[in-house]
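I opened the file to take notes on the fold, the packing and one of the pockets. The entries below follow the order in which I looked things up.

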Amino acid sequence: MELYESLFIIRPSVSDEETKTLIDKMKNVADKTGAQFIKAENLGKKKLAYEVRRERKGTYAYFYFKAPNNTVGELERAYRLEDNIIKFLTIHHEKPFGGAASGGSLSTGVRRWPDLIKSFSWGISPGILSFGTRRAGRRWRVLAWR
């Protein structure tokens, strides 16, 4: 059994009941192949960073589960066949998310900025990031220094 994290985006025009039904349907697809869910939740409607299939908003759903290798193929096949799912991403984890190495825990379920920073190999810290401003026709810039 391997650890996986899956996030998919549902069209915002779908009602709340249909969204819940769709999430349960995707959960059942994974259950049939032997998945054990650690966390499954509806993250709600959010604005997308860019337009996807002519949609500017979407309802995010998140799964964190243990499963055999064939589960991911079946789950992603179900995502592709469902018209109301506009985008999805599934990630394989080498070790449990939020373990002692990152300082987090599965019970919180929230990724903190310092935890994500620690995972980068070049060792950047939150205090050294600065976001540039727009001045006299210049473009937005993101600056980082040591």
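Before placing anything in a loop, I fix the terms: helices (H or I, at least four residues) and strands (E, at least two) are DSSP runs, numbered from the N terminus. I also note that this is a predicted model.

**Entry: overall layout**

I went through the secondary structure first and found 3 helices and 6 strands in the protein chain. Read from the N terminus, the order of elements is β-α-β-β-α-β-α-β-β. The chain has 146 residues, and 31% of them count as buried. I then looked up the contacts with a separation of 6 or more: residues 24 or more positions apart account for 64% of them.

**Entry: strand 3 and its partners**

Which strands pair with strand 3, and in what sense? Strand 2 pairs with strand 3 in the antiparallel sense, over 11 bridges. Strand 1 also pairs with strand 3 in the antiparallel sense, over 9 bridges.

I listed some of the residue pairs. On the strand 2 side, Lys-45 stands opposite Thr-59, and Glu-41 has Tyr-62 as its bridge partner in strand 3. Glu-5 stands opposite Tyr-64 in strand 3.

Strand 3 is mostly covered, with 10 of its 13 residues buried. I noted one general point for reading the side chains: in a regular strand they alternate between the two faces of the sheet.

Lys-57 belongs to strand 3. Its C-alpha lies 5.6 Å from that of Lys-46, at a distance of 11 residues in sequence. Beyond its neighbours within four places in sequence, Lys-57 is in contact with Pro-12, Lys-46, Lys-47, Leu-48 and Ile-86.

**Entry: the turn between strand 2 and strand 3**

Where is Arg-53 found? Arg-53 is in the loop between strand 2 and strand 3. The hairpin of these strands has 2 residues between them. I checked phi for Arg-53 and got a positive value of about 50°, although this residue is not a glycine. Arg-54 is placed in that loop between strand 2 and strand 3 too, and its phi is also positive, near 65°. As background, most residues other than glycine have a negative phi.

Are the two arginines buried or exposed? The cut-off for exposed is over 50% relative accessible area. Arg-53 has 53% relative accessibility, so it counts as exposed. Arg-54 is exposed because its relative accessible area is 77%.

**Entry: the loop before strand 2**

I turned next to Ala-35, in the loop between helix 1 and strand 2. The cut-off for buried is under 20% relative accessible area. Ala-35 has 10%, so it is buried. Ala-67 is 32 residues away from Ala-35 in sequence, yet their C-alpha atoms are 4.2 Å apart. Leaving out residues up to four places away in sequence, Ala-35 touches Ala-30, Phe-65, Lys-66, Ala-67 and Thr-71.

**Entry: nonpolar cores**

I looked up the largest nonpolar core and found 19 residues in it. Those with the most contacts inside this core are Phe-8, Met-26, Phe-63, Phe-65, Leu-75 and Tyr-79. Strand 1, helix 1 (16-32), strand 3 and helix 2 (70-81) each give two or more residues to this core. The largest share, 5 residues, comes from helix 1.

Apart from this core lies another, of 5 residues, including Ile-9, Leu-48, Val-52 and Tyr-60. For context, nonpolar side chains tend to be buried together in soluble globular proteins.

I went back to Phe-65 for its contacts. Not counting residues up to four places away in sequence, Phe-65 touches ten residues' worth of surroundings that include Glu-2, Leu-3, Tyr-4, Ser-6, Ala-35 and Leu-75.

**Entry: the second largest pocket**

How many residues line the second largest pocket? There are 16, and Leu-7, Phe-8, Ile-9, Tyr-60 and Leu-89 lie nearest its centre. Strand 1 (2-10), strand 2 (36-52), strand 3 (55-67) and strand 4 (85-93) each give two or more residues to the lining. Strand 2 provides the largest share, 5 residues. By type, the lining divides into 13 nonpolar, no polar and 3 charged residues. The space in the second largest pocket is about 340 Å³.

Technical notes
Residues numbered from 1 in each chain as written. Predicted model: local features only at pLDDT ≥ 70, side-chain atom pairs only at ≥ 80, totals over all residues. Heavy atoms only, no water. 1 Å grid on protein atoms, 1.4 Å probe; cavity = no way out; pocket = protein on both sides within 12 Å on 5 of 7 lines; lining within 4 Å. Points joined across faces, edges and corners; volume = space filled by probe spheres on them. Nonpolar A, V, L, I, M, F, W, Y, C, P; charged D, E, K, R; others polar. Core = buried A, V, L, I, M, F, W, Y, C linked by side-chain atoms within 4.5 Å. Buried < 20%, exposed > 50% of the residue type's maximum accessible area, 1.4 Å probe, protein only. Contact = heavy atoms within 4.5 Å. Pairing = 2+ DSSP bridges.
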